Amino acid sequence: MTTAVLTNQTFGGLDWIPQFVQTIDQALCIGCGRCFKSCGRSVLTLRGLDDEGNLIDDDEDDEYERKVMTISGQQNCIGCQACSRACPKNCLSHLALSL
Ligand code: SF4
Ligand code: SF4
């Protein structure tokens, strides 16, 4: 049995399957922000990690060990994959939406 996936169309009427952002490998992420700059949909947020690898709140900004990208607005993603094309570390994974 095959599972149907959400399919859309390009401007020219060609089939296009959106690949929505699913995960960011924070062990690989260097916090460069390229994915954030490439995304026009307010999906991603750069956040600090403490020395134990826990995400910290913005108001504790001065206590971070390093910064990593996080998915904060997955509901806004249109599945364009621009973020992954911009990432130098191949951190982001994507998934088509099953119907
Ligand atoms: S797939 Fe597109 S819309 Fe979704 S997070 Fe990446 S750049 Fe933003
Ligand atoms: S582009 Fe890649 S390495 Fe840079 S912040 Fe985004 S996920 Fe991290």
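This report describes the fold, the ligand surroundings and three exposed residues of a predicted model.

**Chain as a whole**

The chain contains 2 helices and 6 strands. In sequence order these elements run β-β-β-α-β-β-α-β. Along the principal axes, the C-alpha atoms occupy a box of roughly 50 × 30 × 25 Å. Of the 99 residues in the chain, 25% are buried. Taking contacts between residues at least 6 apart in sequence, 64% connect residues at least 24 apart.

The exposed area of the chain is about 6,800 Å², and 48% of this comes from carbon and sulfur atoms. The chain carries 8 positive and 13 negative charges, and the mean positions of the two sets lie 14 Å apart.

**Ligand surroundings**

Ligand 1 is surrounded by residues that include Cys39, Cys77, Cys80 and Cys83. Val21, Arg41, Val43 and His94 also belong to this shell, as do Ile78, Gly79, Gln81 and Ala82. Sorted by class, the shell of ligand 1 holds 8 nonpolar, 3 polar and 1 charged residues.

Around ligand 2 there are 13 residues, of which Cys29, Cys32, Gly33, Cys35 and Cys87 come nearest. Here the classes are 9 nonpolar, 2 polar and 2 charged residues.

| Shell | Nonpolar | Polar | Charged |
|---|---|---|---|
| Ligand 1 | 8 residues | 3 residues | 1 residue |
| Ligand 2 | 9 residues | 2 residues | 2 residues |

**Three exposed residues**

Arg85 lies in helix α2, which spans residues 82-86. Its relative accessible area is 64%, so Arg85 is classed as exposed. Arg85 and Ser38 are 47 residues apart along the chain, yet their C-alpha atoms are separated by 8.7 Å.

Two loop residues have backbone angles of note. Most residues other than glycine have a negative phi. Ser42, which is not a glycine, has a positive phi near 55°. Ser42 sits in the loop that links α1 (34-38) to β4 (44-49). Because its relative accessibility is 57%, Ser42 counts as exposed.

Asn90 likewise is not a glycine and has a positive phi of about 55°. The loop that holds Asn90 runs between α2 and β6 (92-95). With a relative accessibility of 63%, over the 50% cut-off, Asn90 is therefore exposed.

Note on methods. Residues are numbered from 1 along each chain as its sequence is written. Chains are lettered from A and ligands numbered from 1 in the order in which they are written. This is a predicted model: local features need pLDDT of at least 70, side-chain atom pairs count only at pLDDT 80 or more; totals for chains, interfaces and linings use all residues. Side-chain values use heavy atoms; hydrogens and water are left out. Helices (H or I, at least four residues) and strands (E, at least two) are DSSP runs, numbered from the N terminus. Buried means under 20% relative accessible area, exposed over 50%, partly exposed in between (1.4 Å probe, protein chains only). Contact means heavy atoms within 4.5 Å. Accessible areas come from the Shrake-Rupley method with a 1.4 Å probe; for residues, only the protein chains shown count as cover. Lys and Arg count as positive and Asp and Glu as negative; His and the chain ends are not counted. The place of a charge is taken as NZ of Lys, CZ of Arg, CG of Asp or CD of Glu. A residue is near a molecule or strand if one of its heavy atoms lies within 4 Å of it. Ala, Val, Leu, Ile, Met, Phe, Trp, Tyr, Cys and Pro count as nonpolar, Asp, Glu, Lys and Arg as charged, and the others, Gly among them, as polar.
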